[in-house]
Amino acid sequence: MKKFCLLLSAVVLAATLLAGCSSGKKSSEEPKGMYLQYNDAKIAIGMKFEDVKDGLGTETRTPEVILPCDGGDAYKDTMHFYPGMAVTENIDGVISQIEVSDLYEGEANATVSGKVKVGDTVETAVGALGEPVNYPIPDDEYSMTYNEGDANILLFLDPDNKDVISGIWMTLVQPMP
């Protein structure tokens, strides 16, 4: 479990740094493609945080602002925390990362596209979402990877039981300028 938490932390840190280079993509009323159903909100990478924040419920703690270490203004990400979930918006207010994990206080009421949740099996996910790009999942990998436009969706697998989904991570992926 320690290795999984360390890996998850490294991935989150790398994605947060990369997300600072994301664009100000406009949101739409309904997400297209894969989204996360959380409480009364359907949220997806690339949507405006402002458009969905009321449906997410009450934040569990004060948002964290992430700025460049050199004091510059290359990016400014803000992480918002909800039961079992963190949502990161970039400097343009665009959702650049969504993470569902037991690392966050509380339990998330979240499903990918209204179909797959933490605790479901790989078989359930494949049946509901289709085969991930890394299917069949190699022995040395602990996630199912879906790519959709400029979004990467990872369903993390429990390191003690690779048949069970233990976390969800969605991130905005764009080439570096």
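How exposed is Arg61, going by its relative accessibility? At 42%, Arg61 counts as partly exposed. The close-ups below start elsewhere and come back to this residue; keep in mind that the model shown is a predicted one.

**View 1. Seven strands side by side in an open sheet.** Follow the strands across and you get the order 3-4-5-6-10-9-8, with antiparallel pairing. Strands of a sheet pair through backbone hydrogen bonds, either parallel or antiparallel. Strand 3 (61-66) and strand 8 (143-148) sit at the edges, and each has a single partner strand, so one side of each has no neighbour in the sheet. On average, neighbouring strands here are turned by 20 degrees against each other, direction ignored.

**View 2. Where strand 6 meets strand 10.** Strand 6 covers residues 95-100 and strand 10 covers residues 161-172. The two run antiparallel and are joined by 4 bridges. To find your way in, look for Glu99: its bridge partner in strand 10 is Trp169.

**View 3. Helix 3 lying across three strands.** Helix 3 (residues 122-129) lies across strand 8, strand 9 (151-158) and strand 10, and it runs at about 15 degrees to strand 8. Which residues of helix 3 are buried? They are Val122, Ala125, Val126 and Leu129. Looking down the axis of helix 3, these buried residues fall within an arc of 95 degrees, so they line one face of the helix. Strand 7, strand 8, strand 9 and strand 10 are among the elements that cover them. Over on the other side of helix 3, Glu123 and Gly127 are exposed. Right after the helix comes Gly130, with a positive phi near 95 degrees.

**View 4. Lys117, in the loop before helix 3.** This lysine is found in the loop between strand 7 (110-112) and helix 3. Setting aside residues up to four places away in sequence, Lys117 touches Ala110, Thr111 and Ile165. How far apart in space are Lys117 and Leu155, C-alpha to C-alpha? The answer is 9.2 Å, although the two are 38 residues apart in sequence. Lys117 also has a charged partner: its side chain meets that of Asp120 in a salt bridge (3.0 Å, N to O). Asp120 is buried, with a relative accessible area of 11%, whereas Lys117 is partly exposed at 41%.

**View 5. A salt bridge along helix 2, between Glu50 and Lys53.** Side chains of opposite charge can pair when their charged atoms come close. Here the side chains of Glu50 and Lys53 meet at 3.5 Å, N to O. Why are these two separated by about one helical turn? Because they are 3 residues apart in helix 2 (residues 49-56). An α-helix has 3.6 residues a turn, so residues three or four places apart point the same way. Glu50 is exposed, with a relative accessible area of 56%, and Lys53 is partly exposed, at 30%.

**View 6. Back to Arg61 and its partner Glu64.** Arg61 forms a salt bridge with Glu64, and their closest N and O atoms are 3.5 Å apart. Like Arg61, with its 42% relative accessibility, Glu64 counts as partly exposed, at 38%. Add this pair to those of the two views before it, and you have seen what belongs to a count of 3 salt bridges.

Terms used: Residues are numbered from 1 along each chain as its sequence is written. This is a predicted model: local features need pLDDT of at least 70, side-chain atom pairs count only at pLDDT 80 or more; totals for chains, interfaces and linings use all residues. Side-chain values use heavy atoms; hydrogens and water are left out. Two strands pair if DSSP finds at least two bridges between them. Axes are lines fitted to C-alpha atoms, for helices over the stretch in contact, and angles run from 0 to 180 degrees between N-to-C directions. Contact means heavy atoms within 4.5 Å. A salt bridge is a side-chain nitrogen of Lys or Arg within 4 Å of a carboxyl oxygen of Asp or Glu. Buried means under 20% relative accessible area, exposed over 50%, partly exposed in between (1.4 Å probe, protein chains only). The arc is that of the directions from the helix axis to the C-beta atoms.
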